[in-house]
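Student: I am new to this structure and would like a close look at one part of it. Please choose a single element, follow its contacts outward, and explain each term when it first comes up.

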Amino acid sequence: MMAQRAQPLLATTDVFQEGDIQWKQFNVDTSTTSSSPPKPLLIFTPTVPGAYPVILFCHGFCIRNSFYSKLLGHIVSHGFILVAPQLFCNGLPMFGPCEVKFAGKVVDWLAEGLQPLLPENVEAKLEKLVLSGHSKGGKTAFAVALGYAKTKLNFSALVGIDPVAGPSKYCKTLPHILTGEPRSFNLNIPVAVIGTGLGPEKANCCSPPCAPDGVNHKEFFHECKPPCAHFVATDYGHMDMLDDETPGVIGTILSKCICKNGTSPRDLMRSTVGGLVVAFLRALLNDQRTDFDAVLADPNLAPAKLGDVVYVPA
């Protein structure tokens, strides 16, 4: 089936602006009680009564979940509950299969543990559970969706934000999920892949690319089955969806030094990524296609420049 590309159409959308839904964020720590989560969590939830889809968001390599607060805040303001586990602790990265296993355990915890923590009259619609993640966390989300972690809950959609499967195509991290074959992912849910144009480029002569060709967003999309969408923020880098301020030495190095960054303000990138997530999920979860179709018709609606936008329907 041929990919759908943008067709001329006059349309508008509000997904790239902050939404109207009031929300709050809070931390949930692990403890010895049976109801505590397997990993510390950062939860973003609407405070307005209603039933909302749930997104499990996995952070990137050595990145604090709190560094995504602006991006996740944009998404929750449009009517989603987001649960962001901290999959590593004490500054130590986690071995790939262990990270996938713990992400799966957080999914299982959601079934009983999430609802009691939410504001009164706010309902978690776990029948519309979405997996998402950035960088290594994007790969983790794909691995969980592919069944590398056995979970009690099913998934309704998957969103990879500049996913990366290793330092190079010759050195992929475990589990090895990329095959190099088109449409080889054994997934029967809608998938969106959001990449960056500068991710495959070096920040300096001493640092390798943070999202190298052969293991980055292009390969992930190449292996997705329809329905699937692909967006590329051409003028931004691998870390440009993080908050402007990422406290600590490691946060500063990862956010500002290791990867090649764009020169435009990060808030444009965050609102673009957040808006794309909202538009895609509205269309594929709720069959509310107005915003998604508007972006397909005119990618210039996004605050950040988008490259060749592609959507392959089922």
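Tutor: Two strands are said to pair if DSSP finds at least two bridges between them, and the strands themselves are DSSP runs of E with at least two residues, just as helices are runs of H or I with at least four, both numbered from the N terminus. The model is a predicted one, in which local features need pLDDT of at least 70 and side-chain atom pairs count only at pLDDT 80 or more, while totals for chains, interfaces and linings use all residues. Residues are numbered from 1 along each chain as its sequence is written, and side-chain values use heavy atoms, with hydrogens and water left out.

The part I suggest is strand β8, which spans residues 228–233. Its neighbour β7 runs parallel to it, and the two are joined over 6 bridges; in one of these pairings, Ile-194 has Phe-231 of β8 as its bridge partner. Strand β8 is mostly covered, with 6 of its 6 residues buried (buried means under 20% relative accessible area, exposed over 50%, and partly exposed in between, using a 1.4 Å probe and protein chains only). Cys-228, His-230 and Val-232 point to one side of the strand, whereas Ala-229, Phe-231 and Ala-233 point to the other, and all of them are buried.

Phe-231 leads onward, for together with Phe-280, Phe-292 and Tyr-311 this residue forms one aromatic cluster. Rings of Phe, Tyr and Trp (its six-membered ring) pair if their centres lie within 6.5 Å, and planes under 30 degrees apart count as stacked, over 60 as edge-to-face and the rest as tilted. The whole structure holds 8 aromatic pairs. One of them joins Phe-185 to Phe-220 in a tilted arrangement, with 6.2 Å from centre to centre and 45 degrees between the planes. This pair links distant parts of the chain, since Phe-185 belongs to the loop between β6 (157–161) and β7 (191–196), Phe-220 belongs to helix α4 (residues 217–222), and the two are 35 residues apart. Both Phe-185 and Phe-220 are buried.

The loop that follows β7 brings in charged contacts. A salt bridge is a side-chain nitrogen of Lys or Arg within 4 Å of a carboxyl oxygen of Asp or Glu, and a search of the whole structure finds 8 of them. In one, the side chains of Glu-201 and Lys-260 meet at 2.7 Å, N to O. Glu-201 lies in the loop between β7 and α4 and Lys-260 in the loop between α5 and α6 (266–286), so this contact ties together parts that are 59 residues apart in sequence. Because its relative accessible area is 35%, Glu-201 is partly exposed, and Lys-260, at 30%, counts as partly exposed too.

Another salt bridge joins Asp-291 and Arg-282, again at 2.7 Å from N to O. Here Asp-291 is buried because its relative accessible area is 11%, and Arg-282, at 16%, is buried as well. These two residues also belong to a network of salt bridges that includes Asp-14.
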